[in-house]
Amino acid sequence: MSFLIDSSIMVTSQVLFFGFGWLFFMRKLFKDYEVRQYVVQVIFSVTFAFSCTMFELIIFEILGVLNSSSRYFHWKLNLCVILLILVFMVPFYIGYFVVSNIRLLHRQKLLFACVLWLTFMYFFWKLGDPFPILSPKHGILSIEQLISRVGVIGVTLMALLSGFGAVNCPYTYMSYFLRNVTDADILALERRLLQTMDMIVSKKKRIAVAHRTMFQRGEVHNKPSGFWGMIKSVTTSVAGSESILHQHTGACLGSLDYAGLPDLSLIQQEVDALEELSRQLFLETADLHATKERIEYSKTFQGKYFNFLGYFFSIYCVWKIFMATINIVFDRVGKTDPVTRGIEITVNYLGIQFDVKFWSQHISFILVGIIIVTSIRGLLITLTKFFYAISSSKSSNVIVLLLAQIMGMYFVSSVLLIRMSMPLEYRTIITEVLGELQFNFYHRWFDVIFLVSALSSILFLYLAHKQAPEKHMAL
C-alpha cells in the first residue's frame, strides 16, 4: 500500500514537471512558430520532467520522504528512462529531422536517420575509451556503460558553464566594472549616427539620379523601330536597368563616359563604408543606453543588493579557482563542502558548543537547493537565448532536440557531482543506482575544465572591458 502511495506522489510530481516543460516549450521556445511537431514537444517535456525528478529524489533522500525501497525503485526507473531518451530517442529524432530537411533523402529518410543514429552511437561509445570512468567488471550492455559516457559529456558542459558563470556573474552584478556614461556621450554618438545616415541617403540619391540619367540617354540613342523591336526594347531595358541597379562596379559603367556623371563605383564604395560605420555606431549607441540603464539601476536598493552579491561571488570565484588548482596539482578530491569547513573553522576559532554535523547538513542542503534552482533557471534562460539566436522554421525542431539533449546530460551530471557533497548516509541509494563509477575522475575532470573555462573567461572579459572605451573613442 505504501508503495502505491509513494508511486502516486512521484507520478503527480512528474506530471507537474511535464506540464511546466510543456508550457515553457509553448510560451517561450515555440511562441513565434505556428508549425509544431508534437513528438518534439513531448520529448522535450519528458526530458525536463525526468531531469527535475532526479533532483526531487535527492531532496527526498535527505529529508527521508517516501520508503527506502520506493525511492530505490523510482531512482532506477527514472535513470533508465532518462538514459533511454538521451542515448536512443533524442539522437534518432535529431537525425530524422535533419534528413527530413534534405529533399533528396525524403524517400529514404528513415533509413538515413538510422545511419546517422548508428554513427552517433559509434562515436558515443568510443568516447569512453580514453577516460578511466568505469570499473572493468561491468558488461558492455550495463547501465554503467551509458551513464559513464553521458557523465563525461555532461560534466564537461557543466564545467564550461560554471567557469564562465563564476566569472561573468561578478562582472555583470558589480557596479565597479561599469564605465562612466553621460547623457552628453549618448547625444554626441546619436548625432554622429544621424549625420552618417544623412550622408548615406544623400549619396544614394546621387547614385539613383545618375542611374536615371544613364537610362534615359540609353533610350534616346538606342530607340528601336517596329513592333518586335519595341517589345525587345522593353525586355532588354528592364533587364539592363536591374543589372545596373545591383552592380557596384563593372566594365560597362566604366565605358560609359557621359559628361557630368559622377564615378558610381567610387560613390558605392563610400556608401558601403558609411553603412558599416552606421552599424557600428548603432550598436555602440545601444550599448551606451544599456550601460546608462545599468548605472541608474545600480543606484536602487535592488541594484545595491546585486552589487553586494557580485562581491560575494567574486570571492567565491577566487576561492573556487584556487581550490580547483590545488585539487589538480595535488591530485585530490575535496571530501567536505565549503559550508561544513567554514563552520568547523568558525567553531574552533570561537570555542563555542555547536552541532556542526547537524547544521552543516541543513545549510549545505539549502545551498545545494539554491544552486539547483538557479542552475535550472539559468540553463533555461541560456537555452532560450540560444534558440532564438540560431533557430528558423526548418531547423527549430532539431535545435529543440539538441537543447533537450544538453539539458538531460547537464542534469545527470549534476547528480554525479552533487553526490559527493552529500553526507555518507545519504549517498547509499544513489551510489547503488549509479553503479561503481569512478566518481573521483568526474570531480578532477570538472576541476580541470572549470579552471580552463574560468581563466579563459577572465581573459576574454578583460580584453572586452579594456577594448570598450578604446572603441568608443575611435568611433
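The following questions and answers concern a predicted model.

Visitor: Which elements give two or more residues to the nonpolar patch on the surface?

Guide: In this predicted model, the patch on the surface is formed by Phe3, Leu4, Phe73 and Leu77, which together have about 380 Å² of accessible area. The elements that each supply two or more of these residues are helix H1 (2-29) and helix H3 (68-100).

Visitor: Does Leu4 count as buried or exposed, and at what relative accessibility?

Guide: Leu4 is found in helix H1, and it belongs to the nonpolar patch that also includes Phe3. Since exposed means over 50% relative accessible area, Leu4 counts as exposed because its relative accessibility is 57%.

Visitor: At roughly what angle do the axes of H3 and helix H5 cross?

Guide: Residues Leu79, Cys80, Leu83, Leu86, Val87 and Phe88 of H3 make the contact with Ile143, Leu146, Ile147 and Val150 of H5. The crossing of these two helices, H3 and H5, is left-handed. Their axes come within 11 Å, with H5 covering residues 143-173, and the angle at which the axes of H3 and H5 cross is roughly 65°.

Visitor: How far apart in space are Lys292 and Asp183, C-alpha to C-alpha?

Guide: Lys292 has its place in helix H9, which covers residues 264-298. Once its neighbours within four places in sequence are left aside, Lys292 is in contact with Val181, Thr182, Asp183 and Ile186. Although Lys292 and Asp183 are 109 residues apart in sequence, their C-alpha to C-alpha separation in space is 8.4 Å.

Conventions:
Residues numbered from 1 in each chain as written. Predicted model: local features only at pLDDT ≥ 70, side-chain atom pairs only at ≥ 80, totals over all residues. Heavy atoms only, no water. Patch = residues over 30% accessible without salt bridge, like charges linked within 9 Å, V, L, I, M, F, W, Y side chains within 5 Å. Areas by Shrake-Rupley, 256 points an atom, 1.4 Å probe, with all protein chains shown as cover. Salt bridge = Lys/Arg side-chain N within 4 Å of Asp/Glu carboxyl O. Helix = DSSP H or I, 4+ residues; strand = E, 2+ residues; numbered from the N terminus. Buried < 20%, exposed > 50% of the residue type's maximum accessible area, 1.4 Å probe, protein only. Axes fitted to C-alpha atoms, helices over the stretch in contact; angles between N-to-C directions. Left-handed = near helix turned anticlockwise from the far one by under 90°. Contact = heavy atoms within 4.5 Å.
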